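Here is a short briefing to read with the structure open beside you. Take it at your own pace and look up each spot as you go.

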Amino acid sequence: MVHSLTHLGNGLEGLEDNLSDTLKKLKITAVDRTEDSLEGCLDCLLQALAQNNLETSEKIQGSGILQLFASLLIPQSSCTAKVANVIAEVAKNEFMRTPCVDAGLISPLVQLLHSKDQEVLLQTGRALGNICYDSHSLQAQLINMGVIPTLVKLLGIHCQNSALTEMCLVAFGNLAELESSKEQFASTNIAEEMVKLFKKQIEHDKKEMIFEVLAPLAENDAIKLQLVEAGLVECLLEIVQQKVDSDKEDDIAELKTASDLMVLLLLGDESMQKLFEGGKGNVFQRVLSWIPSYNHQLQLAGALAIANFARNDGNCIHMVDNGIVEKLMDLLDRHVEDGNVTVQHAALSALRNLAIPVVNKAKMLSAGVTEAVLKFLKSEMPPVQFKLLGTLRMLIDAQAEAAEQLGKNVKLVERLVEWCEAKDHAGVMGESNRLLSALIRHSKSKDVIKTIVQSGGIKHLVTMATSEHVIMQNEALVALALIAALELVTAEKDLESAKLVQILHRLLADDRSAPEIKYNSMVLICALLGSESLHKEVQDLSFLDVVSKLRSHENKSVAQQASLTEQRLTVES
């Protein structure tokens with residue numbers, strides 16, 4: 001045992017002496033260009049690198065030989081592939097990458113990508129990949145030098161060569177992460193080549209590699225459409241069909257990747273509309289069949305796909321008329337108790353989008369969507385809470401009866417008031433405020449206002465009037481004006497303690513307030529004069545000064561309302 005170790009030691013020492021000789025010899029032959037001895041030197045280097053890459057690379061760097069390599073990277077030479085291989089090996093070390101760039105190796109390597117020799121192409125691709133590994137600036141430089149169209153062409157020509165194919169895929173995967181690459185990719189036939197390649201793959205790992213390139217590419221809308229036109233969707237649907245009942249880990253992963261990619265393709269408006277085909281499309285029908293599936297991943301992808309199809313009124317109306325709502329409600333029903341949060345979120349997203357067209361609201365209300373959605377009031381998951389609120393808000397838009405029914409639902413209103421304080425979740429907080437206001441605005445009901453006052457919701461509507469979003473400020477002011485007009489006595493104390501009058505004074509005095517905010521603030525002030533205590537607050541806060549300034553406001557409606565308000569304030573004082 002000891003004997004063989006010593007023997008190994010001697011071998012390495014021999015190699016080291018040998019290496020120094022090789023490097024000296026290389027310097028001479030590199031200039032003479034004697035191919036045979038050059039080849040011997042390169043073989044020697046590759047052998048040394050195979051035995052100890054790190055030390056050999058350090059020696060190569062110290063010898064200054066890298067500078068000579070640029071002149072050896074020529075298409076005519078029989079040693080070119082080996083030179084590129086040496087570069088690829090040394091560039092595995094991070095400290096060697098900058099020296100390779102400084103030695104001017106990138107430009108001759110990029111030129112070699114036009115070679116016909118498959119070994120040269122493979123080693124060149126490896127060398128470029130290793131030098132530019134993890135460097136966005138170098139990768140961007142390659143993109144500017146036009147490597148993307150060149151590599152896509154190579155993939156088409158050498159699709160039989162699996163090592164070269166893999167090299168192209170790795171390169172695409174790295175380059176596709178850069179935004180600047182997407183336009184270049186979109187102007188090649190990458191979609192066609194990738195789909196062709198995908199159809200030929202049997203091995204899971206190869207498919208996985210292709211998926212890893214497709215996902216970042218498919219973020220680009222033009223490429224989404226190209227992939228759809230190249231037939232990727234049919235491939236994805238086939239995978240889903242093959243793998244849906246399998247419990248093998250690879251198959252489950254493949255099913256997830258394929259269905260996720262399918263949903264991503266539907267994020268583009270053109271690709272989505274092409275696949276919808278007026279709701280008659282094979283793809284749309286297949287995706288529909290995922291929703292009642294027993295597979296959670298497919299349920300999720302199906303619901304997300306429907307949410308994506310539901311991005312314009314025409315599609316939404318067609319889907320609601322063809323029974324999608326019942327399918328989604330059944331799906332939600334299966335996930336009420338300890339349900340899958342992502343499926344809940346996706347199904348609610350789909351319902352929210354479907355509820356946007358006016359003609360769908362009444363149909364969805366009579367189908368019982370509100371009841372189905374309210375089952376999730378107890379959810380502690382902010383994403384689910386957020387979509388639940390959005391769905392209800394869409395459903396009651398201009399639906400007085402539904403708004404009244406929901407607004408008198410004490411459980412709902414109390415939960416909304418609780419969520420209005422969800423400081424950690426701005427989205428949930430904003431949506432809860434907006435729904436509170438919507439319940440009042442669309443129902444114009446005294447009972448709804450009483451329920452909201454009893455549940456402590458008034459202070460939140462007052463706070464909402466100071467939101468940074470004009471649309472939310474406005475919704476709050478309109479709701480508060482309705483409260484003042486319909487139930488001022490009930491709400492009086494809460495409006496006082498929330499300092500509404502002071503806030504309105506601030507909004508009117510602030511030059512940055514939007515015209516509609518000023519207008520609605522003045523309407524609200526007039527409505528508050530009916531309460532003795534609030535009237536007194538208005539008098540104490542010299543409102544007349546602020547209001548009379550607004551009589552000359554550039555917005556006609558604001559100026560008119562200022563005159564009216566001034567008259568009211570003068571008479572009432």
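The notes below cover a helix with two faces, a charged surface patch and two backbone angles. Please keep in mind that this is a predicted model.

**Helix α9 and its two faces**
- Helix α9 spans residues 136–144, and its buried residues are L138, Q139, L142 and I143.
- Looking down the axis of α9, you will find these buried residues within an arc of 150 degrees, so they line one face of the helix.
- As a general reminder, an α-helix has 3.6 residues a turn, so residues three or four places apart point the same way.
- On the face of α9 turned away from the buried side sit the exposed residues S137 and N144.

**A negative surface patch**
- E203, D205, E249 and D250 together form a negative patch on the surface.
- One of these residues, D250, belongs to helix α17, which covers residues 249–265.
- D250 counts as partly exposed because its relative accessibility is 40%, and partly exposed means between 20% and 50%.

**Two positive phi angles**
- In general, most residues other than glycine have a negative phi.
- E277 is not a glycine, yet its phi is positive, at about 45 degrees.
- You can find E277 in the loop between α18 (269–276) and α19 (282–290); with a relative accessible area of 48%, E277 is partly exposed.
- K499, also not a glycine, has a positive phi of about 60 degrees.
- The loop between α33 (488–497) and α34 (500–509) holds K499, and a relative accessibility of 47% makes K499 partly exposed.

Key: Residues numbered from 1 in each chain as written. Predicted model: local features only at pLDDT ≥ 70, side-chain atom pairs only at ≥ 80, totals over all residues. Heavy atoms only, no water. Patch = residues over 30% accessible without salt bridge, like charges linked within 9 Å, V, L, I, M, F, W, Y side chains within 5 Å. Areas by Shrake-Rupley, 256 points an atom, 1.4 Å probe, with all protein chains shown as cover. Salt bridge = Lys/Arg side-chain N within 4 Å of Asp/Glu carboxyl O. Lys, Arg positive; Asp, Glu negative; His and termini not counted. Charge placed at Lys NZ, Arg CZ, Asp CG, Glu CD. Helix = DSSP H or I, 4+ residues; strand = E, 2+ residues; numbered from the N terminus. Buried < 20%, exposed > 50% of the residue type's maximum accessible area, 1.4 Å probe, protein only. Arc of directions from axis to C-beta.
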